[in-house]
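Could you walk me through reading a protein model, one feature at a time? I would like the general idea, then the case at hand.

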Amino acid sequence: MDLDAFVTGLPKAELHLHIEGSLEPELMFALARRNKVALPYASVEDIRAAYRFSNLQDFLDIYYAGAGVLRTEEDFHDLGAAYFRRLAADGGRHAEIFFDPQTHADRGVPFPTVADGLLAAMAAAERELGVTSRLILCFLRHLSEDEAFRTLAEAEPYLDRIAGVGLDSSEVGHPPGKFARVFQAAGERGLKRVAHAGEEGPPAYVWEALDGLRVDRIDHGNRALEDEALVARLVRDQITLTVCPLSNLKLCVVEDMAAHPMRRMLDLGLRATVNSDDPAYFGGYVKDNYLAVASALELTADDLVTLARNSFKGSFLPPAEIDRRLAEIDRYVAGAVVTL
Ligand code: HPA
Ligand code: ZN
């Protein structure tokens with residue numbers, strides 16, 4: 001069995017995926033036509049050619065513009081359905097997906113349109129593909145905390161179907177502490193908490209996410225490695241890091257894949273996971289991300305199994321369900337003859 005086949009068969013969860021970032025240029029074009037929305041691109045090739053970024057903000061400008069074609073419940077359903085098909089083909093068994101309701105509210109798309117479409121796709125994925133999932137509502141950190149509170153209020157009727165809240169968008173200049181009160185309110189409503197931190201922002205932002213927002217996971221967390229005491233804390237508490245290798249490469253967080261910190265993260269005992277972030281923009285879904293780090297860093301089959309196990313350990317599935325998924329990995333590994 002070669003590396004590709006081994007990774008495909010390895011049961012895995014994806015914990016860092018912006019559903020709007022899974023909008024492939026073909027679907028973007030189709031939705032633009034369906035909704036009579038003008039796109040500043042003449043063709044699918046034109047769109048792909050625009051995907052060259054030198055930092056996070058470069059990407060975000062294009063990502064928010066692309067999301068402009070999403071208007072109806074059916075659009076959000078189709079977006080979700082396309083992602084789950086890709087995930088299942090990659091051997092993904094579970095996903096905890098981010099969505100950005102504020103981006104859509106800005107265009108007059110109400111919260112229920114977004115949530116109902118995504119929830120319908122999630123139910124269908126479980127029924128038809130056996131893929132389970134959870135929803136994580138992300139607040140845009142370039143907006144105010146008051147706006148985040150308004151979004152949480154709009155989400156109120158859906159909170160029984162939302163696993164947690166997250167924090168994304170432009171990191172530098174928008175420290176986690178800006179959202180301490182709304183994260184506390186989310187915690188009081190029984191929601192899990194995660195935040196992007198240490199992608200471009202300093203280690204201090206990771207500390208703030210841990211101690212100010214009381215997060216259950218750190219999204220990215222690359223720059224935590226600059227702070228020894230922070231690494232010790234993350235290892236001690238086995239805080240899951242949702243690392244996104246191809247995203248890191250495309251947004252110039254790392255210079256090349258050989259310089260990616262994943263090897264070091266594993267050696268340090270950090271609970272790192274592999275994720276695709278915005279696969280339509282960064283050139284690959286979850287399997288491509290496993291393969292990219294595996295070949296650039298010469299990861300072993302044991303490393304890949306550790307990463308897949310971490311993806312379930314760090315998930316918001318109930319403990320018994322996590323144990324069941326880990327046992328599935330054990331059975332797979334026992335049966336796989338690996339020649340990497
Ligand atoms: N970082 C911050 N915000 C985002 C990202 C990311 O990688 N993807 C989508 N929104
Ligand atoms: Zn992200």
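What follows is a short dialogue on a predicted model, taking its metal site, its cavity, its cysteines and some single residues in turn.

Q: Let's start with the metal. Which protein atoms are the donors of the zinc ion (ligand 2)?

A: There are three histidines and an aspartate to look for: His16, His18 and His196, each through NE2, and Asp277 through OD. They lie 2.1 to 2.2 Å from the zinc ion (ligand 2).

Q: What are the angles among the 4 donor atoms, and how is the site classed?

A: A useful yardstick first: ideal angles at a metal are 109.5 degrees for four tetrahedral donors. In this model the angles run from 82 to 174°, and the site of the zinc ion (ligand 2) is irregular. A tetrahedral label would need all angles between 85 and 135 degrees, so this range does not qualify. Bear in mind that water is not among the atoms, so sites may look incomplete.

Q: What spacing do the donors follow along the chain?

A: Written as a pattern, the spacing is H-x1-H-x177-H-x80-D. The pair His196 and Asp277 links distant parts of the chain, 81 residues apart. His196 belongs to strand E5 (residues 192–197), while Asp277 sits in the loop between strand E8 (271–274) and helix H14 (279–282).

Q: Are His196 and Asp277 buried or exposed?

A: His196 is buried, at a relative accessible area of 4%. Asp277 is buried as well, at 2%.

Q: Now for the empty space. How many cavities of 30 Å³ or more are there?

A: The general idea is that rolling a probe the size of a water molecule over the atoms shows where empty space is left. Here the count is 1 cavity of 30 Å³ or more, and the volume of the largest cavity is about 100 Å³.

Q: Which residues line the largest cavity?

A: The lining has 16 residues, and those nearest the centre are His18, Leu56, Phe59, Leu60 and His196. Two of these names should ring a bell, as His18 and His196 are also zinc donors. Helix H4 (residues 56–66) gives the most to this lining, with 5 residues. Sorted by class, the lining holds 7 nonpolar, 4 polar and 5 charged residues.

Q: How many disulfides are there?

A: A disulfide is a covalent bond between the sulfur atoms of two cysteines. The count in this model is 0. Take Cys244: the nearest cysteine sulfur, that of Cys138, is 12 Å away. Cys244 is buried, with a relative accessible area of 0%. For Cys252, the nearest cysteine sulfur is that of Cys244, 15 Å away. Cys252 is partly exposed, at 47% relative accessibility.

Q: Which residues have a positive phi although they are not glycines?

A: Ser169 is one of them, with a phi of about 85°. Ser169 lies in the loop between strand E4 (164–168) and helix H9 (180–188), and at 6% relative accessibility it is buried. Asp277, the zinc donor, is another, with a phi of about 65°.

Q: One last item: where is Ala32 found?

A: Look in helix H2 (residues 25–35). Ala32 is buried, with a relative accessible area of 7%. The C-alpha atoms of Ala32 and Leu70 are 8.1 Å apart, although the two residues are separated by 38 residues along the chain.

Notes. Residues numbered from 1 in each chain as written. Chains lettered and ligands numbered in written order. Predicted model: local features only at pLDDT ≥ 70, side-chain atom pairs only at ≥ 80, totals over all residues. Heavy atoms only, no water. 1 Å grid on protein atoms, 1.4 Å probe; cavity = no way out; pocket = protein on both sides within 12 Å on 5 of 7 lines; lining within 4 Å. Points joined across faces, edges and corners; volume = space filled by probe spheres on them. Helix = DSSP H or I, 4+ residues; strand = E, 2+ residues; numbered from the N terminus. Nonpolar A, V, L, I, M, F, W, Y, C, P; charged D, E, K, R; others polar. Disulfide = S-S within 2.5 Å. Buried < 20%, exposed > 50% of the residue type's maximum accessible area, 1.4 Å probe, protein only. Donors = N, O, S within 2.8 Å, 3.2 Å for Na, K, Ca; no water. Tetrahedral: all angles 85-135°; square planar, octahedral: opposite > 155°, others 65-115°.
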